[in-house]
Structures are given as C-alpha cells and as structure tokens.
Amino acid sequence: MDSDITYLGTVIRVDSSTVEVEISDEIPSSAPIINGRLYKIGQIGTFVKMPMGNITIYGIVSSVSNTSSKETDSQIKQLVGSRFLSVQLVGEKVGDDEFEKGIGTYPTINDEVHIVIESDLFDIYGQKDTGSIEIGKHSSSENLSVYVDIHKLVLRHCAILGSTGSGKSNTTVSILKSILGGYNGSRVMLIDPHGEYSSAFPDAITFKINDKGKPLYVPFWLMNFDELAFFLVGAKPTDDQRPEYRLLREWITNYKKKNFQLKAGDVNPDFITADSPIPFSARELWYDMNCWLNASFSSTKKDEQTDIKKFQTDKGNFENLKGATFTSHQTTTNANPPHVSKHQEFYSYEKKLLSRLKDSRFDFLFNSGEYKDATSSKDLHDLLKDWIGSINQLAILDLSGVPFEVLDIAIGLITRFIYDSMFWGRNETYTGKNRPLLLAYEEAHTYLNKNDSSSYSKTAVERIFKEGRKFGIGALVISQRPSEISETILAQLGTLIALRLTNSSDQSIVKSSSPDNLNSLIDLLPSLRIGEAVIVGEAIKIPSRVRIKLNNPRPASEDPKLVECWEKKYEESDENYKSVVTKIREQRI
C-alpha cells in the first residue's frame with residue numbers, strides 16, 4: 001500500500017494515546033491531488049488512518065516537526081530533511097461496522113499511515129439517522145455534513161462557548177432550528193436576558209415584560225420561603241432564630257392555607273407549608289405588619305386582636321397600600337390606655353416590603369396579571385401550558401426588562417418551577433420522561449458565576465445538570481466567559497461546542513472540561529474562523545472542526561453598522577434624549 005497516492009509514511013513510536021509518524025521521502029508532493037481534490041499533508045487537526053488488516057485506526061494530527069521527539073542531538077544530524085507527525089488516536093473501524101471512538105487495537109512500529117480522504121470521512125461520520133441532527137459542514141469538506149446524537153446532546157447537557165463576535169448566537173439558532181425542524185414533538189425553552197432571539201424565531205412564542213400580547217409574569221408566590229424572605233424583606237436563612245423571621249414564616253403559611261381552593265385543584269391544607277407555591281397577597285402581608293407596628297393596645301397583651309379593632313379609626317386599604325389608623329396612644333405603660341405597640345420587630349421588614357411593592361420594576365412579580373392571587377382567573381397549570389405545553393415548540397422568555405438585582409431570583413425561580421413540574425410529572429404521558437425538554441441559558445456567565453456563593457439561579461441550574469437527565473430535562477449553556485461559569489456545571493457537560501476563544505483562562509477551562517483528551521483540537525480555538533467550532537464530547541462520533549451555516553433571520557446580537565452610521569450627519573436637538581432618560585427611569589424598552 002506504500003504505492004497508494006494516500007500513503008504518508010510509517011509509525012515509529014506508539015504510546016497509550018499518541019503515535020509518531022515519519023513521513024516518507026518518496027512522497028512526490030506535499031499537496032497531492034486525490035480524486036480531483038487537493039489535500040495538504042501535515043495540516044494540524046486533519047485526520048490520518050492506519051490500516052491493519054480489517055481494522056482501520058484513525059487519528060488527528062496534533063503537531064508537525066522536522067525532528068522526532070525522541071531523537072538525540074547526534075541522531076538529529078543524521079535525520080536532516082526528515083519530517084514527523086504527532087498523531088492523537090481517536091477511534092477505529094472494524095470491517096464494515098460503524099466507526100467507534102476509543103482504541104481496542106494499537107498500531108505497531110512500521111505500520112503504514114495514510115491520508116484520510118473525503119470517502120473515509122463519510123465512513124466515519126455516516127449518514128443522518130433518526131436520532132441525529134445536522135450541526136454543520138466539516139471544515140475539511142464542504143460536502144460532508146456533520147451530525148450529532150440528539151439524545152446525548154440534550155440529556156447529557158451541552159455548552160456553546162466563544163468570544164464576542166465568534167458566532168455563538170448564530171450557532172445557537174442553527175442548533176435550535178435543527179431540533180425544532182427535525183422533531184415535531186420537541187420542546188425548548190430559551191432564557192434570553194438581552195432579548196436577542198425573538199427576531200430569529202418568528203414562529204416561537206415570546207413572553208416579555210410589559211408586552212401587550214404575551215406579557216411575562218413570574219408570580220412572586222412561586223418562591224419558597226427562603227427566597228420570599230430574602231426578596232421581600234432582605235432576610236436570610238441565618239436569621240431563623242430571630243422572632244420576626246419565625247413569625248413571618250408563620251404568617252405566610254397561614255395566608256397560603258386560607259387559599260387551598262385553587263383553579264388547578266384543591267389542596268389539603270394539612271400539606272401546605274411556607275414553601276408551597278400557593279398564591280397570597282404581599283400587600284395584605286404588608287398591611288398586617290403595618291397594623292401591628294402602628295396599632296394602639298390596652299395594657300395587657302391577651303386582648304391584642306380585639307384592641308386592633310377597638311382602637312382602629314380607619315381600616316385603610318391594603319390594595320392601595322394605605323395602612324389603618326388608630327386612636328392616639330400613650331408612650332408609657334403607666335398612663336391610661338391605649339398604649340403604643342410593643343411589636344417593633346417588624347419595623348425594618350415593613351419598610352423594605354413597602355419599598356418593594358411601590359417599585360414598578362417588580363410588577364411582573366407582584367402584579368402578575370391573571371396569576372396575581374387565588375381569586376385570579378388562571379393558575380400554575382395555565383402558566384406551564386403557556387411555557388412548555390403550547391403548540392409552539394419553542395418558548396422564549398425575554399428577560400431584558402427584568403431588573404438586574406432580581407435577575408438571579410427570576411431565573412432561579414423559573415428553573416426550579418420547570419424542574420419541579422418535570423419531577424412530579426415524570427411519569428405522565430405528556431411531560432416528564434415521556435416528553436423531554438431542553439432549557440437553554442443565554443449569557444450564562446452573568447448569573448451562573450462560580451464565585452457567587454448565594455446565587456439562587458446557580459443552585460437551581462446546577463440541580464438540572466446533576467439530576468435533570470433522570471426526569472427528562474436537558475440543559476444548554478451559552479457563554480463568552482467559560483472561566484466564570486460554575487465548575488459543577490462545567491463538570492456535567494457531555495458535549496462542548498467551542499468557537500473562537502482568545503482568552504487563555506477560557507481556553508484552559510475548555511481544555512480541562514473537554515470530555516475527550518484532544519488538546520490539539522482545543523489548541524486551535526484562538527485561530528478558528530467566525531462561525532467555525534470545535535465540537536467534542538458524547539454527542540459527536542469523533543471530535544471535529546465544523547463550519548456552522550449562517551442563519552437568516554438572525555438574532556439581534558450582530559454588531560452595529562459603524563461605518564454606515566458614522567457617515568450620516570445627525571441633527572442635534574434638546575429633545576433628542578428625553579425618551580431615553582424616561583426609559584432609564586422606568587426601566588422599560
């Protein structure tokens with residue numbers, strides 16, 4: 001076979017994962033033309049093969065040199081003109097069987113090494129089957145489609161990583177469109193903090209803050225007690241020994257128990273806790289706090305409930321955040337009643353809760369339309385149906401209008417609610433394990449930061465990565481700074497789609513998180529072209545360098561047309577920026 005035009009040379013060294021190849025001096029050209037196609041010998045990242053009877057071993061070129069890595073200085077002098085390749089072994093093909101990753105039989109010294117041509121690549125990647133989607137074209141061949149196993153891509157979790165402008169958003173769109181177009185029963189939910197993706201998916205259902213057609217509501221009462229306490233009054237679990245914290249838990253539990261008759265079905269009050277997702281009124285909670293702070297009482301505490309009504313001069317209105325008023329009270333216990341309230345423990349809680357309720361930025365939580373309270377026309381089953389059960393396979397949650405300080409809680413709340421629905425519905429015919437779901441997280445590094453020990457969203461998403469597979473939930477994270485993402489999440493990634501990364505710390509994270517030990521491919525990250533990715537992991541047959549097709553319509557994440565904009569002449573006016581300032585103040589687009 002050394003007379004074949006594909007012949008490269010022979011194996012001169014073998015270890016557990018790599019072989020070293022000496023290129024033959026008899027090769028007529030460093031760029032042979034085979035079947036009408038030009039091939040470059042020794043290109044980093046290209047494939048070579050080593051035939052051994054009915055077994056063909058495949059490897060990827062990781063380095064090229066004119067000296068062998070094991071030669072001494074005296075030997076090197078005798079090898080002037082020789083060329084050597086270091087090849088990382090990736091898999092093998094036995095007879096007519098399909099290509100498999102991993103090596104069962106190793107090459108030996110003097111075994112022949114050949115160029116992998118286009119027909120060999122087709123043997124490796126095979127044809128599209130019912131369990132795969134096309135992700136792009138192989139960088140070595142415009143005719144070769146690269147497919148990924150959809151089951152492993154989704155349920156073993158994956159990531160799209162790349163620097164700004166490398167093509168992350170386009171890659172995300174390409175993958176999601178392949179999933180949605182290839183599987184009519186698929187369902188995907190995309191968390192979109194910057195509101196970029198609705199333009200790329202005109203057929204998707206998009207929920208957005210203050211949108212007239214499909215407003216995004218995340219009812220605050222979906223939170224468990226720890227989240228409620230932190231969000232409403234700034235309390236933390238470490239405050240559990242404080243009397244006001246324990247009383248707050250008791251009050252919230254009682255509010256929820258009153259509302260056991262719900263649209264989705266009645267709930268046994270004995271099973272309701274402060275963590276149960278049962279609607280209640282935060283305004284009523286504030287009103288009761290305000291009453292206990294400002295009410296007048298007699299000298300004894302046993303009749304305090306009676307005193308509140310006895311000394312009340314105006315009931316106020318909790319919906320309008322108007323507190324009750326009371327008969328003037330004495331400030332000393334020796335004077336005649338009524339006396340000032342002794343219940344000052346709620347002072348800081350009441351002030352913080354009132355400021356939250358008056359802040360219009362939190363309307364999507366407090367004034368959640370048809371999900372506002374127990375008397376509203378809709379319940380959580382309607383919310384689930386809108387998000388993951390509608391005829392639209394893709395639901396986009398546009399969080400661009402969510403205040404940054406509650407973005408963490410909002411994403412954590414959404415994630416935990418979806419997880420709970422898949423967990424408790426895991427055996428239903430229409431959800432859970434019988435209809436899996438992909439959750440995609442754009443700009444993941446901003447809220448899944450490894451250095452944030454108190455992040456609610458990180459805790460919820462980590463749970464998806466650790467346990468979601470068993471209940472039919474897969475996750476996709478999209479980020480430009482993988483070095484900032486939670487290490488727990490990175491450790492659970494089954495497939496990595498890495499576009500151009502120029503930061504050395506980001507490259508090292510990808511290299512250490514890569515499920516395949518193929519550093520030669522990861523080392524290509526700084527030199528990848530826009531829209532080109534290195535894909536490694538469980539979902540792909542062999543680690544590959546792939547060109548992702550350009551999608552149209554595109555997400556609204558492309559660069560501004562700077563030259564075109566700066567060539568225009570603009571009329572300056574005092575009125576120009578009034579609307580901008582108003583939007584800043586209202587926090588609305």
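1. Two helices, α11 (380-388) and α12 (404-424), each contribute at least two residues to the lining of the largest pocket. Please keep in mind that this is a predicted model.

2. Of these helices, α12 deserves attention. The largest share of that lining, five residues, comes from α12.

3. The pocket itself has a volume of about 770 Å³. Its lining counts 25 residues. Nearest the centre lie P277, L380, F417, D420 and W424.

4. What is the chemical make-up of the lining of the largest pocket, in nonpolar, polar and charged residues? The split is 12 nonpolar, six polar and seven charged.

5. Now the sheet. It is open, has 11 strands and shows mixed pairing. The strand order is β11-β10-β24-β23-β22-β12-β21-β20-β13-β19-β14. The edges are held by β11 (145-149) and β14 (205-208). Each of these two has a single partner strand, so one side of each lacks a neighbour in the sheet. On average, neighbouring strands of this sheet are turned by 25 degrees against each other, direction ignored.

6. Within the sheet, β13 (residues 188-192) and β20 (residues 437-441) run parallel. Four bridges join them. One residue to check is L190, whose bridge partner in β20 is A440.

7. Finally, helix against sheet. α12 lies across β13, β19 (394-398), β20 and β21 (473-479). Relative to β20, α12 runs at about 170 degrees. The helix that lies across these strands also supplies five residues of the pocket lining. For a view of both features, α12 is a sensible place to begin.

Definitions and conventions. Residues numbered from 1 in each chain as written. Predicted model: local features only at pLDDT ≥ 70, side-chain atom pairs only at ≥ 80, totals over all residues. Heavy atoms only, no water. 1 Å grid on protein atoms, 1.4 Å probe; cavity = no way out; pocket = protein on both sides within 12 Å on 5 of 7 lines; lining within 4 Å. Points joined across faces, edges and corners; volume = space filled by probe spheres on them. Nonpolar A, V, L, I, M, F, W, Y, C, P; charged D, E, K, R; others polar. Pairing = 2+ DSSP bridges. Axes fitted to C-alpha atoms, helices over the stretch in contact; angles between N-to-C directions. Contact = heavy atoms within 4.5 Å.
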